[in-house]
Amino acid sequence: MSDEISVHWLEETVDKISKRNPPEITLSTGKTPSGHIHIGILREILICDALRRIFEEKGKKVNFYLFMDDFDAAKRFPEYINTKFQEEHMGKPFALIPCPFEDCKCSSYAKHFGNELISTFDKFGIKNQIIWTFELYQEKKMQDKIKIALENTNQIKSILKKYILPTLNEDRKKEFLKLQKFWMPVMVLCENCDKLQTRGSDGSIRPNRVISYNKDKEEVSYACPACRYNGITSIYSGRLKLNWRVDWPAKWAIFNTTCEPAGKDHSVKGGAYDTGLDICKEVFNYEGPIKLPYEWLRLGDQDMKTSKGIVFTPIKYLSLADPEIYRMLILKTNPMKHISLRIEEIPQYHDYYDNIENIFYNINNAESEQELELVQYLYPLTKVNQVAKSKPKRLPFKLLIFLAQIQNILSLDKLYEKAIQVLDDEKKNLRKEEFETLLKKTVNWINEVKLILEDIDDIKIKKSILNKIEIFSIPEEIDNHQIDKLDEAQIKGLSILRQFLLENEIKDADLIQNKIFTIAKEEIKIPPRKMFEALYLVILGKKSGPRLGPFIALLDKNWLIKRLDEAIDKFRPND
Ligand SMILES: [Zn+2]
Ligand SMILES: [Zn+2]
């Protein structure tokens with residue numbers, strides 16, 4: 001085996017950054033707050049957060065930025081924004097559009113959706129700094145870059161031509177060259193209508209491009225295609241914005257970005273990353289960041305987009321699952337591979353995480369030296385807080401799923417009692433309020449899985465999901481119809497079990513499972529299946545359910561005895 005295989009894919013980027021050996025390391029990420037921001041954005045943010053931790057551990061100073069690109073103009077709105085609002089604000093930068101929700105007190109559209117994302121960073125263990133791009137454009141350092149871009153328009157144009165032209169077919173080549181004739185790298189926020197762009201009658205976007213630049217006066221002239229206003233404005237007015245292919249390298253040059261991940265749309269040949277690197281070097285005199293391309297994160301089998309389609313936000317994720325599970329999922333997967341986040345597979349993610357944790361704490365052996373190294377590298381990066389000295393004891397997810405579904409028959413106190421039994425001496429670490437929150441999360445998760453199941457037509461897939469997750473509900477009362485399905489032998493079996501429960505503890509799952517078998521086979525001589533069916537009918541109102549021994553062991557003894565009493569009482573033998 002070659003020594004060169006690194007323990008984890010992150011090491012490749014770590015090496016590249018280390019070779020540059022900058023005095024400070026700067027990591028950048030970016031997002032346009034054009035609507036609810038889905039959880040996919042956390043892929044690049046968590047990759048950078050991991051790099052931040054790795055270099056901070058090495059004693060390096062690390063700057064980690066998220067650029068909220070709120071100077072970007074609204075090209076379209078998500079469908080949950082009402083049409084009148086859309087028409088009024090189309091073409092304006094998101095920073096200047098008011099919050100679209102009536103009772104909300106936030107200052108802009110951008111702040112509403114941007115802060116929704118930012119508010120989750122703490123819970124995911126992400127430590128970064130937010131830069132609102134609109135504010136950045138009010139600063140001299142950005143305005144200086146605008147001046148450089150205006151004075152190097154021809155060079156920028158030839159760089160764009162060099163990269164983009166080979167990717168176009170003949171027709172589009174002609175169109176591109178025609179557009180380039182009057183192209184300028186800067187747009188102006190109209191002083192009359194606050195728009196950066198509008199849509200032509202053919203649906204194409206018509207940006208508010210600078211027409212001419214007066215170098216001596218440091219002014220630009222423009223003609224707004226939205227309201228037909230003609231204006232002249234200073235390049236220091238804060239109303240100028242770089243074209244996005246120039247905006248990116250300008251930011252790299254200002255902040256000396258060492259590394260920035262980019263989704264595959266920007267990473268392609270001739271894409272904004274390649275032109276950006278060239279512009280950064282040639283025009284802004286900075287070598288540019290190390291490129292780190294990554295694939296999208298999908299929700300199940302569907303793509304996620306901020307502007308349309310399904311939106312699954314980090315807030316939504318946190319309402320039903322654990323942030324460390326998500327960190328693990330992102331950081332274990334090579335960035336060039338798709339990730340399908342499958343909500344219904346969260347129990348399996350928990351199992352996987354549990355295994356990693358057991359290897360990390362030497363509770364289980366790794367399968368190989370390599371696996372051990374990987375776990376030792378990966379596990380600390382998945383933690384929201386510091387790594388604990390010994391394996392943190394937490395409630396098994398399966399137990400939570402169970403307890404969440406019997407809330408209608410047991411009080412919170414009783415459920416809590418059952419939960420802390422599992423935690424032994426560490427029970428102090430789980431307060432009742434925390435337990436209640438966990439239960440709520442689990443209920444949300446179960447409800448989400450139910451919705452996913454509703455959407456699946458394929459019975460086989462449905463069954464395979466249900467086989468892995470024990471979803472059930474306990475009716476408050478037994479339906480007489482269910483009792484009618486029982487015969488005298490079964491009722492006798494239930495009576496014997498009732499007596500057994502009265503005289504014994506019910507905490508041992510195997511003991512109960514065996515007892516049900518022996519009652520059926522030896523005492524009333526019916527197939528055990530009939531005895532199990534009877535119990536499922538009485539408890540769940542249907543003929544099947546989770547494995548009965550462990551299930552009963554988790555139920556409340558008094559409740560179960562009462563339930564059996566009720567069944568026996570309601571039973572009327574035929575004739
Ligand atoms: Zn708001
Ligand atoms: Zn205008």
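In the predicted model, Leu51 makes contacts that reach beyond its immediate sequence neighbourhood: with residues within four places in sequence left aside, Leu51 is in contact with Leu10, Thr13, Val14, Leu27 and Cys259. Leu51 also belongs to the largest nonpolar core, which comprises 95 residues. Within this core, the residues with the most contacts are Leu46, Ala50, Leu51, Ile146, Ala149, Val186 and Val188. Helix α2, spanning residues 42-57, supplies the largest share of the core, contributing 9 residues. The core is also built from two domains, as at least three of its residues come from domain 1 (10-146 + 244-299) and at least three from domain 2 (148-242). In soluble globular proteins, nonpolar side chains tend to be buried together.

A further core lies apart from the one described above and contains 19 residues. Ile491, Leu494, Leu497 and Leu564 are among the residues of this other core.

Turning to the strands, an open sheet is formed by 3 strands, arranged in the order β7-β8-β9 with antiparallel pairing. Strands β7 (210-214) and β9 (230-234) occupy the edges of the sheet, each pairing on one side only. From one strand to the next, the twist averages 20 degrees. The antiparallel pairing of β7 with strand β8, which covers residues 219-223, extends over 4 bridges. At the level of individual residues, Val210 has Tyr222 of β8 as its bridge partner.

Conventions
Residues are numbered from 1 along each chain as its sequence is written. Chains are lettered from A and ligands numbered from 1 in the order in which they are written. This is a predicted model: local features need pLDDT of at least 70, side-chain atom pairs count only at pLDDT 80 or more; totals for chains, interfaces and linings use all residues. A nonpolar core is a set of buried Ala, Val, Leu, Ile, Met, Phe, Trp, Tyr and Cys residues joined through C-beta atoms within 7 Å. A residue is buried if 20 or more other C-beta atoms lie within 10 Å of its own, exposed if 12 or fewer, and partly exposed in between; C-beta atoms are placed from the backbone. Helices (H or I, at least four residues) and strands (E, at least two) are DSSP runs, numbered from the N terminus. Domain bounds come from an automatic or database domain assignment. Two residues are in contact if their C-beta atoms, placed from the backbone, lie within 7 Å. Two strands pair if DSSP finds at least two bridges between them. Axes are lines fitted to C-alpha atoms, for helices over the stretch in contact, and angles run from 0 to 180 degrees between N-to-C directions.
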